[in-house]
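Dear colleague,

I am passing on the structure we spoke about, placed just below, followed by an account of what was found in it. Please read the text with the structure open beside you.

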Amino acid sequence: MRPLDPDDGGGNMLFGGSVVPTEDTGSREERGDLVDQDMSAEPAADPGRRPIANAVPSGPDDENSEAPSTRHHPAAAFLGKEFLLWLWWRSESGYGNLELPHYGSVDLWIDDRIQFRTGGDDPQTSDLKGGAPATSAEAKMALVSGKTVETASVGMRVKDREFYFSLRSDPVELAGLKVPGEVNDGVDERIFERMFLLEEATGIVDTLFFLFCEERLSADWNPKTLPSIRSWIAGDPR
Amino acid sequence: MPLLSGAMGARRFLVQNGPASIRHELLLDSLQEAAFREPPSAARGGENMGWVSHGNLVVTEFTHEDTFYNQYMCFSLRVDNKRLPAKLLKGLLDLRIDAWKAETGRERCSSQIKTEIREQLELELYPKQLPSVQVYDICWDLSSHRLWLFSNSDRVSEKVRELFYRTFGYFLLPVGLVELVAGHERAGDWLPALDGIGHADYRPEVSR
């Protein structure tokens, strides 16, 4: 192990790294050292995001870290499942269109696969595939019987770009992300385009998650939102 | 190569205490030191891993042009695994043991002899066996201290975290939902509120 620059504890930013070419600060000879790029400039932050360098858990063997651990937070066990269910509910209300800060109008739909499971050590699972399984009676019955959403294939449209991916609940991350790439030539160009699209898709999902948090942690959750979701599950439009 | 084409499965990490100022040559040197190397002997099995160029898994010389793309540092983890087919090994081992019994006139073969025969067999078979090869792309955003691993596998994730720490001296912290909450400007309200909630029961009243 060889720390690259032990005296340098630069500001960590978890978010907000937009794909912006780094400004050329002159040749190596002109600068007279080996510094290729000045990475001290903070990237443009998305709304609602802040540095969390001291709020994230330490590494697996880092016993000396003073950072409070969020890794084993009890909410981590259910937050992803509830988020997926909320996403499904929101995708079926208002024609699946959401107005998101920073991204604008986003269309969202559950695509061609949704998986459920019960809790416990010996879980039962349901895997609905093909067509639009989220609209089927079986899907709602899975929720009625207390199953949680484990994975959903999601379609998303922002501006003229369509994304398709599978969203897992634990951990919540994108799998099988298909992006609307247009560049076919040039390694540099393909990397920039695909990283831009990956960060856009991830940023939208993050923003949706923050909307979910806004509702889930508000005082209106129990009296208003939760009953609405239950009515939707029961097929009772409210 | 999900970094360049095809569907992407991606996991996010935060590079803990990532440096504000980076010397690319040092990063390349570190990468080079932990580059993938063929095992010293072809007659050994097991796992072997190291960094390779993101463009070609047999290229282990890292150049500035093929590694740095503005704020991104791109490379791949190559994991080779060489195993012998268990059923083939058992079949050949049984034949060798039978031959040993016939040759020595003994009815039983001790476990020590079995081990020796097995090791001899492995020495003969491993050089003929090609490893299974897996490659996982990595993109390190040096400006935001985020790292993208193009795999959703926990096992791969742990390998990358371990080798990344050994290579660069930085921990990779997986970014989960609670970390997202902790990174939001309303974390001061939301984190305590998270402490006070449990899994909601979404079942309609009639089914409870």
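The buried residues of α3(A) are covered by elements that include α2 (79-91), β2 (104-117), β3 (125-129), β4 and α5 (221-234) of chain A. Please keep in mind throughout that this is a predicted model. Helix α3 itself takes in residues 137-144 of chain A, and the residues of this helix that count as buried are A:A139, A:K140, A:A142, A:L143 and A:V144; you will notice that a lysine, A:K140, is listed among them. In an α-helix there are 3.6 residues to a turn, so residues three or four places apart point the same way. After α3(A) comes A:G146, which has a positive phi near 95°.

Strand β4 of chain A, one of the elements that cover the helix, spans residues 148-158 and contains A:T151. Is A:T151 buried or exposed? With a relative accessible area of 16%, A:T151 falls under the 20% cut-off and is therefore buried. Once its neighbours within four places in sequence are set aside, A:T151 has contacts with A:L84, A:R113, A:I114, A:Q115, A:S166, A:L167 and A:R168.

Two loops of chain A deserve a look at the backbone. The loop between β4 and β5 of chain A holds A:K159, a residue other than glycine whose phi is nonetheless positive, near 55°; A:K159 is exposed, its relative accessible area being 59%. In the loop between β5 (161-168) and β6 (174-178) of chain A you will find A:P171, which is joined to A:D170 by a cis peptide bond with omega at about -5°.

Taken as a whole, chain A has five helices and six strands, and its elements follow one another from the N terminus in the order α-α-β-β-β-α-β-β-β-α-α. Of its 238 residues, 48% are buried, and among the contacts in chain A with a separation of 6 or more, 57% are between residues 24 or more positions apart. The area that chain A exposes is about 11800 Å², of which carbon and sulfur atoms supply 48%.

Turning to chain B, its secondary structure consists of seven helices and seven strands, and along the sequence these are arranged as β-α-β-α-β-β-α-α-β-β-α-β-α-α. Why does chain B count as more spread out than a compact globule? Its radius of gyration is 25 Å, whereas the globule rule gives 17 Å for 208 residues, and because the value for chain B is well over that figure, the chain is more spread out than such a globule. The C-alpha trace of chain B spans about 80 × 60 × 30 Å along its principal axes.

The domain assignment divides chain B into domain 1 (2-81 + 133-171), domain 2 (86-127) and domain 3 (176-208), and the centres of domain 1 and domain 3 of chain B, taken over C-alpha atoms, are separated by 34 Å. Within the bounds of chain B, 51% of the 208 residues count as buried, and 72% of the contacts between residues at least 6 apart in sequence join residues at least 24 apart. Chain B exposes about 9900 Å², with 49% of that area supplied by carbon and sulfur atoms. As for its charges, 25 are positive and 28 negative, and the mean positions of the two sets lie 7 Å apart.

Two single residues of chain B complete this account. B:Q112 belongs to helix α4 (residues 111-125) of chain B and is exposed, with a relative accessible area of 54%; its C-alpha atom is 57 Å from that of B:A20, a residue 92 residues apart from B:Q112 along the chain. B:N70 sits in the loop between β3 (68-69) and β4 (72-82) of chain B, where it has a positive phi of about 50° although it is not a glycine. Is B:N70 buried, partly exposed or exposed? B:N70 is partly exposed, with a relative accessible area of 26%.

With best wishes

Technical notes:
Residues numbered from 1 in each chain as written. Chains lettered and ligands numbered in written order. Predicted model: local features only at pLDDT ≥ 70, side-chain atom pairs only at ≥ 80, totals over all residues. Heavy atoms only, no water. Helix = DSSP H or I, 4+ residues; strand = E, 2+ residues; numbered from the N terminus. Rg over C-alpha atoms; globule rule 2.2 N^0.38 Å. Buried < 20%, exposed > 50% of the residue type's maximum accessible area, 1.4 Å probe, protein only. Contact = heavy atoms within 4.5 Å. Areas by Shrake-Rupley, 256 points an atom, 1.4 Å probe, with all protein chains shown as cover. Lys, Arg positive; Asp, Glu negative; His and termini not counted. Charge placed at Lys NZ, Arg CZ, Asp CG, Glu CD. Domains from an automatic or database assignment.
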